[in-house]
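Reader: I should like a close look at one part of this model, taken slowly and with the supporting geometry spelled out. Please begin wherever the packing of helices and sheet can best be followed.

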Amino acid sequence: MDAAGGGDISFSTSAGPVSMKITSDLQTIASEWREIETAVTCTSAQTFDWARAWSVHMLAAQGRAPVIAIGYDGDGQVQFLLPFESKKVGGLTVLSWLSQEHANYLFGVFRPAFAAALTKTEISRILNEVGRWSGASVAALEAQPFEWGGAPNPFALLSHQPAPNSGFAIRLGDFETLYRERFKKRARQGLLRKERRLWEAGTLKYGWAERTQEKRDVLETFFAQKALQFAAMGVTDIFTPEARAFYAALVMLPEDSPSRLRLGYVALNGEILATFSGTVVHDRVNVLLSSLADSPFQRQSPGAQLLRHQIEEACNDGLAYFDLGVGAARHKSEWSNEVYSLFDSYLALKPQGLAVTLPFTVKSALKRKIKSNPRLWALAQTVRKTIKGSHA
């Protein structure tokens, strides 16, 4: 692997001639990356500042580097950008999407006309060139949408299977109309009664962390609340010190960065009862983090109160979508009027990669089967808690 770049790889496509550069040096393509993330609809996980923060705090800490492919047309205009990373699994190098463990939707950024013109052979050629440069034997590409922002995802042309989870989003508009469509009168009245009880208990505040120290405090509160939630669920806390540093870097980005993490919260008498935090990219709110305090006020549904407040604010701001992310949850089913089917691809780039793709494929299919069956999912959660408790 050449960390500085692999030179140009030129080939023909149905969309015209392409010159592709592969590199792990983000700074050399910073201007082109920022240009295409502005021009093409994407999420924060496909933006430059996100990738830089991930590379510094997550990859560098493990002695790893990103693998970025950027393709230009005959006029030198960027037509696509593929943000990958690689890691060792069972002695083999595996290519995955950058920040795959902490992002909702994973995909490459393609100009729509270029994406629509690509054939299966051509997208396979692009992926194999990246694999050859990085030395990868396998591509494990998860949580991919079939299209984004009206543009098709060319990776859907390759072998794939349904992902274990779907994505949930709210198409915004007039808030009162949306609220009445999603919640019956009795449910709306019940939520209002609960909010009144919170107001009666003291000073209730819905807010966004603005000052530096406030951002640090809210983020640390989120980590603490989430640690307790994970422990109660019997799952490992994914917010390692490196991951915490990554999110802290996103929080401190300038206001005009599409990667900036906005920390939202509801507090009663200064105590944070719930958080919902995310980014705003193009016309979409992307929720990334949420937590709930272990508090007697849980019965007043502070998380639901905060979410309703933020959705109303997004409607009033003229945003088009409020994306609740990947994975089923009650609040997502209640609010979402759009559900995105996702797919996973486990592709052998070398013959020895077949030893890895089969376990990946089976694991993904098993997770989907369990999560789609309420009885199996409940049993899995019980078993997980029991195992976690026996090792406590």
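Author: What follows looks closely at the open sheet and the helices discussed alongside it, with shorter remarks on other elements at the end.

The model is a predicted one, and its protein chain holds 12 helices and 18 strands. Of the 392 residues of that chain, 51% count as buried, and among the contacts with a separation of 6 or more, residues 24 or more positions apart account for 70%.

The part to examine is an open sheet of seven strands, whose order is β12-β13-β14-β15-β16-β11-β17 and whose pairing is mixed. Strands β12 and β17 (338-340) stand at the edges, and because each has a single partner strand, one side of each is left without a neighbour in the sheet. From one strand to the next the twist averages 25 degrees. Within this sheet, β15 and strand β16 (residues 321-326) run parallel and are joined by three bridges, and V285 stands opposite F322 in β16.

Helix α7 (residues 212-233) can be tied directly to this sheet, since its buried residues pack against β12 (204-208), β13 (262-268), β14 (271-281) and β15 (284-292), and also against helix α8 (241-251). Those buried residues are E214, K215, V218, L219, F222, F223, Q225, K226 and F230. An α-helix has 3.6 residues a turn, so residues three or four places apart point the same way. The length of α7 can be checked as well: at 1.5 Å a residue its 22 residues should span 32 Å, and because its end C-alpha atoms are 32 Å apart, the two values agree. After α7 comes G234, whose phi is positive, near 80 degrees.

Helix α9 (residues 302-316) is described through its packing with two other helices. Its axis and that of helix α6 (residues 185-200) come within 10 Å and cross at roughly 105 degrees, and α6 and α9 are therefore roughly perpendicular to each other. On the α6 side this contact is made by L191, K194, E195 and L198, and on the α9 side by A304, Q305 and R308; by class, the residues of the contact divide into three nonpolar, one polar and three charged.

With helix α5 (residues 175-182), α9 packs at an angle of about 140 degrees, the axes being 9 Å apart, and α5 and α9 are therefore oblique to each other. Here F175, L178 and Y179 in α5 meet R308, I311, E312 and C315 in α9, a contact that has five nonpolar, no polar and two charged residues. R308 of α9 is thus named in the contact with α6 and again in the contact with α5.

Two further elements complete the account. Helix α4 (residues 120-134) has 15 residues, which at 1.5 Å a residue should span 21 Å, and its end C-alpha atoms are 21 Å apart, which agrees. Among its buried residues are I123, I126, L127, V130 and W133, and α4 is followed by G135, whose phi is positive, near 80 degrees.

Strand β1 (residues 8-13) shows alternation along its length, with I9, F11 and T13 pointing to one face and buried, while D8, S10 and S12 point to the other and are not. Six bridges join β1 to strand β2 (residues 16-23), the two running antiparallel, and they form a hairpin with two residues between them. The bridge partner of S10 in β2 is S19.

Technical notes
Residues numbered from 1 in each chain as written. Predicted model: local features only at pLDDT ≥ 70, side-chain atom pairs only at ≥ 80, totals over all residues. Heavy atoms only, no water. Axes fitted to C-alpha atoms, helices over the stretch in contact; angles between N-to-C directions. Helix = DSSP H or I, 4+ residues; strand = E, 2+ residues; numbered from the N terminus. Parallel < 35°, antiparallel > 145°, perpendicular 65-115°, else oblique. Contact = heavy atoms within 4.5 Å. Nonpolar A, V, L, I, M, F, W, Y, C, P; charged D, E, K, R; others polar. Expected span 1.5 Å × (residues − 1). Buried < 20%, exposed > 50% of the residue type's maximum accessible area, 1.4 Å probe, protein only. Pairing = 2+ DSSP bridges.
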